[in-house]
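Here is a short report on the backbone and its local features. Look at the fold first, then at the details.

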Amino acid sequence: MPIDLYYMMLSPPCRAVMLTAKAVGVELNLKETNLFKKEHMKPEFLALNPQHCIPTMVDGDFVIWESKAACSYLASKYGKDDSLFPNDPRARAVVERLNYFDMGTLFHRFGQYVFPALFRGEELDPTKIEPIQEALGWLDGFLAGHKYAAGDNITIADHTLLTTVITIKKANIDLSKHTNILAWLERCKTDVPGYDMNEQGAEEWAKFFKSQTGQS
């Protein structure tokens, strides 16, 4: 039975869940939920998720939101092994640290730059780019010496970070000095199932971003 996913392709967190579902071979019943049309405020959606955020995932009688939690659930329940979300406490802690880094630092700083322009019509503040570059520098350091975010195997941390980094790139933020990130992106292009879907979603985000900000 397919799992329902309430989502928008513009959203990096939604795409992260889609990447994890692809990795574990789970079929998703995609239910586009347009935040700009307030579809997340409809009574039937609020009955599922009173926090009215996406992604929201429904697996039978189980409802989960917050993308990192949804990715962890998919990997734990449907993964053929524990490679995506390790059982070993130390290895799992590294994956979780990277997910928290994405949520609390990298994606958060990126949001501080783009969300005022996208949702409130404000001008982009160029002073917000340096904190993003600082966070990218940390990620570049995390990637030193191994192939993927948490080591030499793809994990859900790669799914969450990949969707954020690709979207940052589409916002014309320079990645050229972050050579480990660039090499990681090239590996992900061939090794991460669903990479093209993520790229397509990021392109849709870029078109929306440019339409709202006037950037070329």
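## Basis and annotated region

Helices and strands here are DSSP runs, with at least four residues for a helix (H or I) and at least two for a strand (E), numbered from the N terminus. The model is predicted.

The UniProt record, an unreviewed entry, places the feature "domain: GST N-terminal" at residues 1–82. Over residues 1–82 the chain is 38% helix and 22% strand. The end C-alpha atoms of this stretch are 22 Å apart.

## Strand β1 and its partners

Strand β1 covers residues 3–7, and 5 of the 5 are buried, so the strand is largely enclosed by the rest of the structure. Both faces are covered. Ile3, Leu5 and Tyr7 lie on one side, and Asp4 and Tyr6 on the other.

β1 pairs with two strands. It runs parallel to β2 (residues 28–32), joined by 5 bridges. Tyr7 stands opposite Glu32 in β2. The path from β1 to β2 passes through α1, and this β-α-β crossover is right-handed. β1 runs antiparallel to β3 (residues 56–59), joined by 3 bridges. Here Tyr6 stands opposite Thr56.

## Helix α1

Ser11 sits in the loop between β1 and α1. Is Ser11 buried or exposed? Its relative accessibility is 13%, so it counts as buried, the cut-off being under 20%. At the start of α1, a side-chain oxygen of Ser11 comes to within 3.2 Å of the backbone nitrogen of Cys14.

Helix α1 spans residues 12–24. Its 13 residues should cover 18 Å at 1.5 Å a residue. The end C-alpha atoms are 19 Å apart, which agrees. Burial is extensive: 11 of the 13 residues are buried, so α1 is largely enclosed by the rest of the structure. Among them are Cys14, Val17, Met18 and Ala21. Arg15 is also buried. After α1 comes Gly25, with a positive phi near 80°.

## Helix α4

Helix α4 covers residues 89–120. What lies at Val114? There is a kink of about 45°, shortly before the proline Pro116.

Both ends of α4 have a local feature to inspect. At the start, a side-chain oxygen of Asp88 reaches to within 3.1 Å of the backbone nitrogen of Arg90. Just after the helix, Gly121 takes a positive phi of about 70°.

## Backbone exceptions

Most residues other than glycine have a negative phi, and most peptide bonds are trans. Three sites are worth a look against that background.

The peptide bond from Ile54 to Pro55 is cis, with omega near 5°. Pro55 is in the loop between α2 (43–48) and β3. Lys38 is not a glycine, yet has a positive phi of about 60°. This residue is in the loop between β2 and α2. Lys38 counts as exposed, at 54% relative accessibility. Glu66 also has a positive phi, near 75°. Glu66 is found in the loop between β4 (62–65) and α3 (67–78). With a relative accessible area of 38%, Glu66 is partly exposed.

Definitions and conventions. Residues numbered from 1 in each chain as written. Heavy atoms only, no water. Bend = angle between axes of the 7 residues up to and from the residue. Polar contact = N/O pair within 3.5 Å; in protein donor to acceptor, adjacent residues only side chain to side chain. Expected span 1.5 Å × (residues − 1). Buried < 20%, exposed > 50% of the residue type's maximum accessible area, 1.4 Å probe, protein only. UniProt positions renumbered as here; feature names shortened; annotations may be inferred. Pairing = 2+ DSSP bridges. Right-handed = clockwise from strand over helix to strand, strands pointing away.
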